[in-house]
Every structure is written in structure tokens, then in C-alpha cells.
Amino acid sequence: MITLKNIERFYNTGLNKSWVLKNISFNLKKGEFLTIMGPSGSGKSTLLNIIGMLDKPDTGEYYFLDEPVHTFSEKRRTELHKHTIGFVFQAYHLIDELTVYENIEMPLLYRGVGKSERQSMVADLLDRFNIVGKKGLFPAQLSGGQQQLVGIARAIVGKPKLLLADEPTGNLHTSQGEMIMGLLKELHGEGMTIIQVTHNEKFAAYGTRVMQIEDGFVRMDTTT
Amino acid sequence: MTQYLNIMFQNNVKIAFRNLWRNKTFSFINLFGLTTGTACCLYILLYVQDHRSYDQHHSEAGNLYRIISDLQLPNDQAEMHMATCSPPIPMGMKSDFPEVEQAARACRPMGVEQSLLRVGEQVFFEKPGYYVDSNFFQILEYQFVAGDPAHALDEPFSVVISEDLSQKLFKTNDPIGQTIGIGGGGDEQKFKVTGVFNSSLGKSHLHSEFFMTMNSGGIGEFIRTNDSWAGNNFVYSYLRLKQGTNPAALEAKLPDFLQRHGAVQLEQLGMKKSLHLQPIASIHTTPGLTADQATNTSSRFLNMLLLIAGFIQMVACINFMNLTTARSTKRAQEVGVRKAVGAPRISLIGQFLSESLLLTAISMLMAIPLVGLLMPFLNNLTGASIEIAFTKNLQGIGLVGALVVLTGLVAGSYPAFYLSSFRPLAVLRGTSGLKGNAGATWLRKGLVVSQFAISSALVIGALIVHFQLDYMLEKDLGFEKKQKVVFPFRTTESHAAVATFRNEIMRLPEVGSASAMAVCPGQMVYNDLPLYKPGQDMNSATAVRFTYCDENYLNTLKIKLLAGRQFTQADTSTQEGTAKAIVSEAVLNHLGIPLEAAPGMVLSSDFEDQRIKITVVGVMQDYLYQNLGSEMDPFMVIYEQPNRLAHVIADVNTADFPSFFKKTEATWKSVLPSLPFEYSFLDENLAQLYSSEQNLSRIISAFTFGSHLDFLPRSLWPRHLHGRAAHERNRYSKSARSNDGRACWPDVKGLFETCAAGISYCFPVGLFFHEKMAARFRLSH
């Protein structure tokens, strides 16, 4: 599903290059659940953003569903990203002025989904995540775990091909974190391809494949 | 595209409302600024629209012209631009040029401030009406509520009156056939009411409460039978040209036309004269013509007001932008999230624009009733009579709509395009998109500088106008205006009582001196005479304006006598055809007469076969007898018996005016039982001459104040906003390096920088204002 070839990302600091990512190459098959681990500043979030098409590699090739994303214009990249990728953030990044329902509905609006279809898609998710009673509340009225639940709902409402989660449990208590990870595992079980970035060894084990990144290099890549 | 529009309307308005509600302080400051700005702007637009609406309502407004004259008198350097022309000219044009469809004249009795109207036993005073030719209403249109506009003035001694006057005189709107005695400036005559009009069609430069037919003897008869093509330039003349006539081509034929009819007369008077056609629709916005019917408002002044309105709205927009960007960290996060879930930039731009449009629409909805509420006060301030009638006025609705959209787009453009350009990655990871954006920082600083410059220029302009006006009102006029009470004698019959009244009040202990005169200082002086000194002729004559007065004139007005003597009662003698005059210094300067030689000198003027002789008995210091802004022109006063004069001015040395007026009223009643007692103060009358300048001053001050109203809440809250922005920066940045104090400091420094820049920009603007005002009053200081 995803093929990365010699992906590199660097900053020019005077005469030297400062590498964020160096010589990253790997394949990801449909249905895999990849966990990227590594110390702070190792480049794992940058890698996730490149895969999520929010960032561009300086060199290297990136094929998404056999499409050469590295050759795309920004506009085409945005279009592809909009229809195929869902994002879950550490800080949830829900929009304070929108209700739970409206936050989940937002990606569908940008995709131009019709009103009745939107209603049924959002209603299904609310039902599934058991938050129907909270649909009229604003993010500030929810607990962290509930907010992340909404964040995940927002990420998958458009039925993306790939779900990216950047430390989804980083701001949560252990029990809430387990609930979220359980949900991701459930989605994976239904066939969703997932990439998550985490510091947490225990939560890393929810995935089918773990990749260790250090100083921009892939140190270890194990599939269980 | 349609899907984004759909989102905009479904979602953005809702979000905009929630945003406003959630950030109450922010919304209040923004709404306050936008509402006051919009209210000022709206009133100015209405004011300008009102002044531009004059005489647009006539069905053939584009073909209507007034004939105006440029005159150059012998030895008078300045060319005169008159709003009038000689009586036979319009009729001559109608018979000579086929392209002239209709021609009519209008004339007000000269030197009459108030006409006397008598209905039965009751007496009313009213501004003098016009004598007009019977076809007048076929050129200038008025809404008739009774009578036939085409024939109302056919009969001699018929009069058409306004609805207001009809109510005042007859308490009815249908007084057709009733009789009014009209006097003032001549004998009282009986007129029959043949029509009633109102001005519901629109405002006109020619505003009058009543129109009398020209065919009514007196001055009307004088005009009808007059054959002077060069002189007697006191008639307002209107033409209706055939559809499609080129006015410039017609104007080009006028020099020949004037030579054909008036060559001999022009030669005799030594006068150069040219005629021009002034479009009716532009009369109200063209000030500066001598003897015009009303105080007009210059187009330039209106444009300046529009500029001020633009400035005010611009300042409000800039405030809006600054306030929005002050909390952009918060919004940047939203932009990041929306982009991450797939929002294209255009929909974000749409979102921010719809937010600002909503805010401007709300402020407009608040500004309209605000202006409506303040309208009486604002009208009082500007001396205008504007009504809010959006329902009647499609143009007004369009104006408001355009103002909302324009303000919303301008105010929202910067936040919309700036915020929507944030890269989602940067804002989501907390490295704020604000940082490192040098262009945006410069733009923001530039906005504050221009805002400050605009504000300062407005304040400086307002101060300069104010000080100039103060200077004009306080400056030495050459006579004393304080403690002078004016008593007008409105009817010809009442003049017989002038001497008695003057002598009676001079006996009062409060009265130092009292003088009778034809024209008070500040009133229009119509009379002039070209005079030359012994040994010369008309070729070296200087036009000298003059009025008549009694022997107490100089003492009462405290005008300094430089040589010779004052008048005595014996000066009435007109033997050998000479009148006695006291001339101003400027007369001597113009004619080249040394001061010592002036007393006793006889000055002459030739007109046709007549020679008029004036004996100089004294020389007085120059004083501003008429237009307080103009230079000291040659002037003289000629002795006349009190009983032929229309005003008495008393020099009063008391603070207890109520008791003074009680005594003078008793005197008045004893000598003139039939006329109401009336008085005014000379200094107040003079201040009236400045009403347009005072209006200007008040308008500019008021709108400058209005444009600064929103500084008030802003100056109280920006710290709060900055603090909040800094707080949010900390919250979302991983390394909490900055603290509140340091986050605020650069803004304080920036404020000083921008203030300095703003001041340096506004000085040239201030100087420009100053030049304009100085030029207007021909002052140098």
C-alpha cells in the first residue's frame, strides 16, 4: 500500500546538513498496524507527517497506492490526502466552537458529502462509540478520553484507507489510553491500515509491526 | 466551488456566531469600533447624498440652466462672478435662439430681510419671497397640492405659497382665493393665493415660502420693462433648453448676442461682461458666486467629507484586523486542524470573510437605529435636515449594503488571507505560524502607522479649523460688535418712527449712543458708485460701496475718525446735487488722495448724462463692513435722515438685558403699536455669517471624535488580548520560553515606533489643511 524509497529530510545549518530522516525505505501492506517508536527528536513525527502528506521529503520516492506522491503538486496531494487519510492528534485538536456532532461531520463537509448521507455516517459512529448522548456537547465539556474518542471518530468518518495517529494516548490516563488502543485494535481487526507513533512500550504491542527510529535511521523493524 | 459555498452558509455563520459569543470582550471592542465608525460613515454618506440631491428632481434637470455673469468694472481689479444677470437677457435669448425653450426670471426685493405678511388683522414676518415670471413653474418643478402650476401666476397680483406658510397664515391647505397683504421693501400690496406647493419632489437651491407673479407692479414691473443689458445684474434667470442642445455651443454664441444688444451700454459703463450657463443641478454644490440665493456647499467640501468617512471606516477596519491577528494563535490551531482534515484554503478564506461580514452586518444593524436616534442631534450639529428613509430610498439601501460588504471584505481580508496561509504542520506542532513571518509583521505595523497617521491628521485638521474660526470671530473688525443691540424696522411705514424711537432710547441710562442706518455691518451692501477725484474722469474711477446712516454712526459702532468731522443734522442738504460722505481710508488709497487733502474734496461719478457729486466731510478707518472674510474694500457712508433708514443700533452698557428690553419694548409699543417688537445682538448676527464655517468645524470635530471613540475600549483591553495571545503561545509551544512580560514588551516598543512614524506622516496633511483654510480667508499668519 505504501512504498518509501530513500526518503530523506534535512535542514541546512551553515555548511553542514542536519538530518531529520536519512535513507528511510520500507513497504507497508494493506491491513498492517505499524507502530513507530523512538526517542524525542528522532524524526518519527516527521516521518508520520510525510506519510500523511502534510510534509514533503527533500529527496526520495513515496508511492501511495502505487501513485507517485513525491511528484504531485500540493493541490493534488491535498486532494489525495483528503480522501484517503485520517489523522488522530495527541492534543485531540477538536474545534472548540463546534459540537461533538459538528466536529465529526467536518471532514465530510470538505469532501462535499450530501446532507442525508452525512447524517447517517455521523450517526453510525456516534452509535458505535456510544456517544450519542454527547453529540450536542462542546469539546470543553468532555473528558480527555472522550475528546480523543471524538478525534478518532472524526478521523475515520470519511472511511479513509489509512489512519495516522500521532501519540494518540500521550495526554491520557492509562485506563483511557487502553480504551483508545482497544478501539484502534478493533478498527485494525476490521481491516483498517494504521500507523501510530508512541513512546509507550505496552501500547506498541497492540500493533502487528514495530519500527524503532533513532537519529533519522530505522534501527529495527520487527513484524510479529 | 458550490460545495464550499454550501459549507460557508451552513457552518460558517453558526461558527461565527459562536466565536463572537465565546469571545465577548473581543466581540464587544470590535463591534463598538465598527458600529461607531459605521454610524459616522453612514451619516456622512447621507449628508453628502442629501447635498448632491438638490435640483435633481426636475423632469428635465439636464436641460435646465441658470444664466450667470462675469463682470469687470473699470479700475476694479477683481472680476466679479455673479449668480445673476441683467433683466432683459433671458427673454432676449429666448427670442434670439431657437434652442431656448423656456426662459423665466426670479428676483427677491433687495436689502429686505423680512417681508411683512398681513392676513386680516394678523401680521406675520417671513423671509422675502420671489417675484417670478408666470412660466416659472414650467422650468423649476414643485409639487402643487392646490392650483395649477401652468397658470397659477397668470393673473396680476397672484401668489403661490408653501404648505407650511398656508398652515401658518390660514391653518388650512386650501387657501385658494384668499388674500394676503405683502409688504417690506415697498408699499404693501394685496395678493390673491392661486396655488399651494410643497417640496416633496426634492430640495432645490431656490428655497422660498412664496412666489409672486412678476406682473405685480413695483420691482416686478421694473424688471419687466427694464432695458439695461449691462447693468442691473440682480435677476436670477433660468432657461430650459431643447432636448439635445449642446450648452457649450450656445454659450459660445453669447458674446455676440451681448454685443448685439448691449454694446453701447457696456461702452458707457466701461464694463466687460460675459455670460455663462450654469447647470441647475450643480448650483447647490458651487459656492462662491456673488449674490447667490443660498449658502451653497462646495463639491470639494463634500468630497473631503467622503474622504473623512473613508478614513473613519478604514480606521475601524484596521482595528478589526489588528484585533483579529492579536488572537491569531488560537485561530491558527483551528486553521491547522481544518487543513489536516482536508479543508482547502479557499473555504478557510470564506470562513474568515463570512465572520467579518457577519460582524459588519451586525454593526450596521446597530448603526442604522443609532444614526436614526442621533439624527436630530446630528442635524443640529451640521445644520442639515436629513431624514432616514431607507424604505423610500433604494439608493440608501444599496449604499448600506455596499458599505457592509466593502467594510466586511476590507476588514476581513487581512485575517482571512493571512491566517488561511498557515501551514498545518507548523501550527499543530506548536511552532507558531506567526513567527518568522516578517511580511505579516510589517503589514501589521504599517496598518497601525497608517491608522495613527489618519487619526492624527483628522485631529490636526479639526484643531486648525477650530482655531482659524476662533481667530476669525475674535479678530479686530475695525468696529466694536459687543454690547450692540439691533432693532429692525421691517416695513416702509414704520421708518417714519425711526427717529422718534432712536431719540427715545438714547434717553435711557443704559444707552451710550444709538444710530439709524440702512444696512448693519455684516449685511449685504448692494449699492456702489464709481468715483473719481477732481481733475480726472470716469476712466480712473474706483467702485466704492456705500450705505446710508445718521450722525451717530461712528460713535455708536466706535469706528475711528482719522480726518475731517462727523456728520451733523445739517448734512442733509443736497443743494448743488452733492451728498455728504465719510469715506474709508481704502478709498483714499485707491484714488491716491493724501489724508489731509480729503476733507472737503468733491468726488464725482458720471452716469449717462448725469453727474453725481459726493462731498467728503471726513475719513474713517477701514472696517469690515460686509463679508468678514474679505479684504478692506473701499467704502463710504452717506448721510441720510433717520426716517428713511431701516435699522437702529444701540450701544448698550448694561448686563441687565431683561430690564433693558422691557423698557425698549415699551418705547417701541408707544411709537409703533401695530408692529411686533423685535431685536437681535450684532455680534450674534455676525457669528451667523460664519454658520457654514462653524458647521464645518463642528462636523469635522464631531466625526473626528466619532472616529476616536473606539480607541477607548481598545486602550483598556489590548493588554488583556496580548496577555491571552502570549498565554496561548505558551500553551501550544513545547518550549515555554516566553513569559507574559516579555511577550508584551515588544508591543510597547512597537507602539512608540508607530506613534512617531504616524506623527511624521500626518504633518504634511495638517499643513495642507492649514493652507486651505488660510487661502479661504486670505489670511497670513
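Let's start inside chain A, with two helices that meet at a slant: the axes of α3(A) and helix α4 (residues 115-128) of chain A cross at roughly 130° and come within 10 Å. An angle like that makes α3(A) oblique to α4(A). If you look at the handedness, the crossing of these two helices is right-handed. Keep in mind as you turn the structure around that this is a predicted model.

Who actually touches whom here? On the α3(A) side you'll find A:Tyr101, A:Ile104, A:Glu105 and A:Leu108, and they meet A:Arg118, A:Met121, A:Val122 and A:Leu125 in α4(A). Sort the residues of this contact by class and you get six nonpolar, no polar and two charged ones.

Now stay with α3(A), but look at another neighbour. Helix α3 (residues 100-111) of chain A also packs with helix α5 (residues 144-156) of chain A, at an angle of about 30° and with the axes 7 Å apart. How do these two helices lie relative to each other? Angles under 35 degrees count as roughly parallel, and α3(A) and α5(A) are therefore roughly parallel to each other. The crossing of α3(A) and α5(A) is right-handed.

In this contact, α3(A) brings in A:Val100, A:Asn103, A:Ile104, A:Met106 and A:Pro107, while α5(A) brings in A:Val150, A:Ala153 and A:Arg154. By class, that comes to six nonpolar, one polar and one charged residues. One name should ring a bell: A:Ile104 takes part in the contact with α5(A), and A:Ile104 also takes part in the contact with α4(A).

So is α3(A) mostly covered or mostly open? It is mostly covered, with ten of its twelve residues buried. Among those buried residues are A:Val100, A:Asn103, A:Met106 and A:Pro107, which you just met in the contact with α5(A). A:Tyr101, A:Glu105 and A:Leu108 are buried too, and those three belong to the contact with α4(A). The list of buried residues also includes A:Glu102 and A:Leu109. Just after the helix, A:Gly112 takes a positive phi of about 75°.

Time to step over to chain B. Of the 781 residues of chain B, 40% count as buried, and the chain has 22 helices and 24 strands. What about contacts between residues at least 6 apart in the sequence of chain B? Of these, 81% join residues at least 24 apart.

Where do the two chains meet? In this model, 19 residues of chain B are in contact with 19 residues of chain A. On the side of chain B that touches chain A, α1 (2-22), α9 (328-340) and α12 (424-428) of chain B each supply at least two residues. The largest share, seven residues, comes from α1(B). By class, this side of chain B has ten nonpolar, six polar and three charged residues.

Last, how sure is the predictor? It gives the complex an ipTM of 0.87 and a pTM of 0.72. Chain B averages a pLDDT of 80, and 83% of its residues score at least 70. Two stretches of chain B deserve a more careful look. Over residues 431-436 of chain B, pLDDT stays under 50, and the model has 14 contacts beyond four places in sequence for them. Over residues 718-746 of chain B, pLDDT also stays under 50, and here the model has 32 such contacts.

Terms used. Residues numbered from 1 in each chain as written. Chains lettered and ligands numbered in written order. Predicted model: local features only at pLDDT ≥ 70, side-chain atom pairs only at ≥ 80, totals over all residues. Contact = placed C-beta atoms within 7 Å. Helix = DSSP H or I, 4+ residues; strand = E, 2+ residues; numbered from the N terminus. Nonpolar A, V, L, I, M, F, W, Y, C, P; charged D, E, K, R; others polar. pLDDT = per-residue confidence, 0-100. Buried ≥ 20, exposed ≤ 12 C-beta atoms within 10 Å, placed from the backbone. Axes fitted to C-alpha atoms, helices over the stretch in contact; angles between N-to-C directions. Parallel < 35°, antiparallel > 145°, perpendicular 65-115°, else oblique. Left-handed = near helix turned anticlockwise from the far one by under 90°.
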